[in-house]
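Please look over the structure shown below together with its sequence. The report that follows takes up the fold, the pockets, the surface and the backbone in turn.

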Amino acid sequence: MEAIDALLSRKSSAMLDIPAPSPDEIQILLQAATRAPDHCRLRPWKFLIIENDARKALGDVMVEALRIRDPKASDAMLEKTRGKPLRAPLIIVVIAKVEEHPKVPNVEQVLSAGAAAQNIMIAAHALGYAGIWRSGAPCFDEHVREALGATGNDQIVGFLYLGTASKKPILPNEPIDEYLEFWTGKDRN
Ligand SMILES: Cc1cc2nc3c(=O)[nH]c(=O)nc-3n(C[C@H](O)[C@H](O)[C@H](O)COP(=O)(O)O)c2cc1C
């Protein structure tokens, strides 16, 4: 797929099935990720590949985390949480590995990891797969962070659920004019 076609036609899919990207295709996704802009070449990222039974282990971690956050969580909530990582055959967790740097504020390092995540989403789409970038409480939860190796100022920027879409998504028309303004500098007070 041409780059512009891929950019203009990507749409998230929540319903994901096999096949997932193959090991060789995952390498392509990660190569695309590491083409993200990166101030001072800090390479501020870590990518965790979670597939097969590791998804169940992630579900267990999410349940443990929910129990800590909310000791009154119902059995239904806990079971729903346990099943979340099973919604796709492949999850790539993108972690911003953030370090103090005199020229590169923390937010730039998180943005760089976010750009890497988006490159993965676009590359997966270009290879014929679909996915959805998810976050939620687990991204910010200490128990999950520890289980996934995020320490200090590291930030889990997303759980990228990847696989094959069960339905062809409908592309919305974006009202670009609503987001656009030509700034000329002439209206300044
Ligand atoms: C950082 C980030 C976190 C997100 N977290 C969630 C999430 O937890 N659950 C969810 O349904 N969508 C989440 N989204 C939104 C979806 O990834 C997606 O963008 C949205 O469903 C709209 O679909 P589209 O990407 O096809 O426009 C998140 C997006 C970003 C950028």
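## Overall fold

Helices are counted here as DSSP runs of H or I with at least four residues, and strands as runs of E with at least two, each numbered from the N terminus. On that basis the secondary structure of this protein, which is a predicted model, comes to seven helices and five strands. Followed along the sequence, these elements are arranged in the pattern α-β-α-β-α-α-β-α-β-α-β-α.

The C-alpha trace extends about 60 × 40 × 35 Å along its principal axes, and of the 189 residues in the protein, 38% are buried.

## The largest pocket

The largest pocket holds about 280 Å³ of space. Its lining is made up of 17 residues, and those closest to the centre of the pocket are Lys11, His125, Tyr129, Ala130 and Pro169. Helix 5 (106–126), strand 4 (130–134) and strand 5 (155–165) are the elements that each contribute two or more residues to this lining.

In terms of residue class, the lining of the largest pocket consists of six nonpolar, seven polar and four charged residues.

## The second largest pocket

The second largest pocket contains about 190 Å³ of space. It is lined by 16 residues, and Met62, Lys84, Ser135, Ala137 and Pro138 are the ones nearest its centre. Two or more lining residues come from each of helix 3 (54–69), helix 4 (75–83) and strand 5, with helix 3 providing the largest share, namely four residues. By class, the lining of this second pocket divides into nine nonpolar, three polar and four charged residues.

Met62, one of the residues nearest the centre of the second largest pocket, also takes part in a long-range contact in the sequence sense: Met62 and Val144 are 82 residues apart in sequence, yet their C-alpha atoms are 6.6 Å apart in space. Val144 belongs to helix 6, and it counts as buried because its relative accessibility is 1%, where the limit for that class is under 20%.

## Salt bridges

The count of salt bridges in the model comes to seven. One of them joins Arg145 to Glu142, with the closest N and O atoms 3.2 Å apart, and both residues lie in helix 6 (residues 142–148), separated by three residues, or about one turn of the helix. The two partners differ in their exposure, since Arg145 is buried at a relative accessible area of 7%, whereas Glu142 is exposed at 54%.

A salt bridge is also formed between Glu79 and Arg82, where the closest N and O atoms are 3.2 Å apart; both residues are in helix 4, again three residues apart and about one turn of the helix. Glu79 is partly exposed at 47% relative accessibility, and Arg82 is partly exposed as well, with a relative accessible area of 27%. Another salt bridge links Asp53 with Lys56, the closest N and O atoms being 3.8 Å apart. Asp53 is exposed, with a relative accessible area of 54%, while Lys56 is partly exposed, with 47%.

## A nonpolar surface patch

Ile176, Tyr179, Leu180 and Phe182 together make a nonpolar surface patch of about 510 Å². Of these residues, Ile176 is placed in helix 7, which covers residues 176–179.

## Backbone features

Most residues other than glycine have a negative phi, and most peptide bonds are trans. Which peptide bond, then, is cis? The bond from Ile18 to Pro19 is cis, with omega near 0°, and Pro19 is found in the loop between strand 1 (16–17) and helix 2 (23–33).

Positive phi values appear at two arginines, Arg41, where phi is near 50°, and Arg43, where phi is likewise near 50°. Arg41 lies in the loop between helix 2 and strand 2 (45–51), and the place of Arg43 is in the loop between helix 2 and strand 2 too. As for their surroundings, Arg41 counts as exposed because its relative accessibility is 59%, above the 50% limit for that class, whereas Arg43, at 27% relative accessibility, counts as partly exposed.

Key. Residues numbered from 1 in each chain as written. Predicted model: local features only at pLDDT ≥ 70, side-chain atom pairs only at ≥ 80, totals over all residues. Heavy atoms only, no water. 1 Å grid on protein atoms, 1.4 Å probe; cavity = no way out; pocket = protein on both sides within 12 Å on 5 of 7 lines; lining within 4 Å. Points joined across faces, edges and corners; volume = space filled by probe spheres on them. Nonpolar A, V, L, I, M, F, W, Y, C, P; charged D, E, K, R; others polar. Patch = residues over 30% accessible without salt bridge, like charges linked within 9 Å, V, L, I, M, F, W, Y side chains within 5 Å. Areas by Shrake-Rupley, 256 points an atom, 1.4 Å probe, with all protein chains shown as cover. Salt bridge = Lys/Arg side-chain N within 4 Å of Asp/Glu carboxyl O. Buried < 20%, exposed > 50% of the residue type's maximum accessible area, 1.4 Å probe, protein only.
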